[in-house]
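Here are some short exercises on how parts of a protein model touch one another. Try each task yourself before you read its solution.

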Amino acid sequence: MAEDYEPRIVAFLCKWCSSAGSDLAGVSRMEYPPNVVPIQVMCSGSVSPLYIFSAFNKGADGVLVSGCHPGDCHYIKGNYYARRRLNLVKKLLEYVGLETQRFQMSWVSAAEGTKFTQIIKDFVKELKPLGPQTKLRRNP
Amino acid sequence: MKRTGVFICHCGINIAGTVDVKKVAEELAKHPSVVHAEDYVYMCSDPGQNLIEQAIREKKLDGVVVACCSPNLHETTFRNAAKRAGLNSFRCEIANIREQCSWVHKDKPKATQKATKIARSAVEKVRQNESLDALSVPVTRRALVVGGGISGLQAALDIANTGFEVILVERNPSVGGHMIQLSETFPTLDCSQCILTPKMVEVSKHPKIKLMTYSEVQDVSGYVGNFKVKILKKPTYVDPAKCTLCDECTKVCPIVVPNEFDLGLTGRRAIYIPFPQAIPASYTLDDKNCPDPFTTIACGKCADVCNPKAIDFDQKPEIIEAEVGVIIVATGYDLYDKENMAEYGFGKYADVLDGLQFERLCSASGPTMGQILRPSDHKEPKEVVFIQCSGSRDPENHCAYCSKICCMYTAKHAMLYKHHVHDGQAYIFYIDIRSGGKGYEEFVQRAVEEDGVVYLRGKVSKVFEEKGKIMVWGVDTLTGRSIEIAADMVVLAQAMRPSTGAQELAKKLKLALDKDGFLAEAHPKLRPVESVTAGMFLAGAAQAPKDIPEAVAQASGAAAKAVAILSQDRLFHSPTVAKVISNLCTGCGMCVAVCPYDALTLKDGKVEVNEVLCEGCGTCTATCLRSAIQVKNLTQQQVAEMINACLGG
């Protein structure tokens, strides 16, 4: 694969914790690779499996869903639903043969700019050796 | 929507330094539904906002995207600008290209590419946004204040003085918090009791304040303007209306337990008044200690000697339900647990005390009537070592943060000690002296110059007992010499931590906590008294370590914010709530089961949304197998287009 391959990542960030945590990374002028494009959702619980399939279908090399820490959901329990639902999605993706590293979930609070930065750095690092995702891509 | 305008902010060089804003504007202009794209140095400034308004009017825009900082900062600013130009404010969206792009990347071409994607994704979203009007709901004009320390008292008084009703809940038998335990306050050496007790009395006598001591918040539901709270009123077994404070009951009570008010330096009976000036002025029979674990029936001696018959063993816990419009959380702090400070001999040696215990020793109402005596042998200590940052600023072992007040109160302690024991010597081990505050630096200087306090810069390595003395080994990092002091008493400036139980309360109120367990404010700079939940405000040390003036200022700030809500006729609720696409809904009820707010109900085989209860979280959307329930202005179709935009190009 080409040396300059840059994985494309879509990150679904909940408004209250992870998007705020990512804002904090910005305010603190931390640095992470620009491969990730964020989509702010209200709650990780609103992330439908359709979003994840759709992102892979449209050529995403990795998808991240990040919400409030379990127990700290702004909407009381949305992230618990997310955790259950997305674990099934993870299994399904594994079943269809997608590399497990391509789909990640994380819990990042509004105070965890450092953690968010690290997650993105690690994610990009893990995706690079895998090369472009073609398994679920419509027109590879 | 076909006529979208895109406005890209340079934010000085904050965005333009890493993102080629002209290029982003050019790229966005190519989008089929974008009819206007421009950049400007500060979009949020008056001329910047005018640009937006002008473009909306002249180009008849039906959607606006502002690519700038986080929506948390200026979403409202730009939505208001759109509204002024006659556009529905929900047709304005923010693309966050500062916090989530320019500030975290250095490679300009790549950051520009990413910013373009973020802005394009916002264009896709706004294209399908509906015009919405805010939902309006009535306001319950009453406030709940949780915590009866100085912050809670101040907030309650400030709100009540504007004419609104306040319920003040305090879990202890008396209001006053930690401040009432202090002897004097820095930097003026005001007597703490003298400045606080009048406020306590004022609260108890205020016609608009309902004071509920020995009570705890059990449950909170609802939303801003309309909270429903359940408060548990624990039984005190004493009727305050009948109690004459004769103190006969404590004389006969056989059960002695450590006195919380004196931090265990003295004992108290199972029936007690925390301190003579307690508000409400009444006794409490502590049913955790009475009857004692070895007998199953209370001895009843207190009731026998009670002439006014104020003691009632049949009192039961009560759950009181109330409706309030706003909630102020002022749950304060506790000192860092002494069990954790074994290295300084805390909890092992009787003469190693924490700051609050030393306050009680200095206090005229304390166990020694204001004489500073060693708890072990009641002798006057001639050499006292104060250790600052005990548990603070130690990320490896204890708390990483600075507890902020310890530099000042340690200087005060050393000073008070010298005022009591003229021939004594005070030593202070410190890491840094942080004396920012009005009159604070002068106060520390006064301790050194007038009271001869010896400041030693360095950490203490070991504290141990030897021949009746407490040996303190440390190092003076300024001279590089190791130091050994044979002290009579050691006082630890223990770190402040969130008060016990604050975490559980935060869960009940759905408040966020920071990494240290303090309550998280909505924005560290611009919204320091608001919580992340609308209608809930923070005051005092529950939010972060702070001293009395700061706690009072924050309490007044929180009260002002609370009154701003209570004085509204109606409140506006975000209209970005769930909507049901009726012909797709099969009435399976899966969304009803997952809704965290009970906002969904089944009626005639279809789901209905209670728009006032719905918070728009979208958990229902992800649950519905038929995409029959969508959150307005963030539908699955919109997200699909946004995903496309994020991956395109």
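The exercises below go from a contact inside one chain to a contact between two chains.

This is a predicted model, in which local features need pLDDT of at least 70 and side-chain atom pairs count only at pLDDT 80 or more, while totals for chains, interfaces and linings use all residues. Residues are numbered from 1 along each chain as its sequence is written, chains are lettered from A and ligands numbered from 1 in the order in which they are written, and side-chain values use heavy atoms, with hydrogens and water left out.

**Exercise 1. Describe the contact between domain 3 and domain 4 of chain B.**

Step 1: locate the parts. In the domain assignment (automatic or from a database), domain 3 of chain B spans 235-315 and domain 4 spans 335-497. Their C-alpha centres are 34 Å apart. Five residues of domain 3 and seven residues of domain 4 take part in the contact (heavy atoms within 4.5 Å).

Step 2: find the area. The two domains bury about 600 Å², with 74% of it on carbon and sulfur atoms; buried area is the accessible area (1.4 Å probe) that two parts lose on being put together, summed over both. On the domain 3 side, Asp262(B), Leu263(B) and Leu265(B) supply 77% of the area buried against domain 4, more than any other three residues.

Step 3: look for charges. There is one salt bridge between these domains, a term for a side-chain nitrogen of Lys or Arg within 4 Å of a carboxyl oxygen of Asp or Glu. Arg360(B) and Asp262(B) form a salt bridge through their side chains, at 2.8 Å from N to O.

**Exercise 2. How many residues does each chain bring to the contact of chain B and chain A, and how much area is buried?**

Step 1: count residues. Chain B brings 41 residues and chain A brings 46.

Step 2: find the area. About 3800 Å² is buried between the chains, and carbon and sulfur atoms give 61% of that.

**Exercise 3. Which residues form a salt bridge between the chains, and which helix gives the most to the chain B side?**

Step 1: check the charges. The interface of chain B and chain A holds two salt bridges. One of them joins Glu31(A) to Lys106(B), whose closest N and O atoms are 3.2 Å apart.

Step 2: turn to the helices (DSSP runs of H or I, at least four residues, numbered from the N terminus). Those that each supply at least two residues to the chain B side include H3 (71-84), H5 (108-127) and H17 (636-647). H17(B) gives the most, with eight residues.
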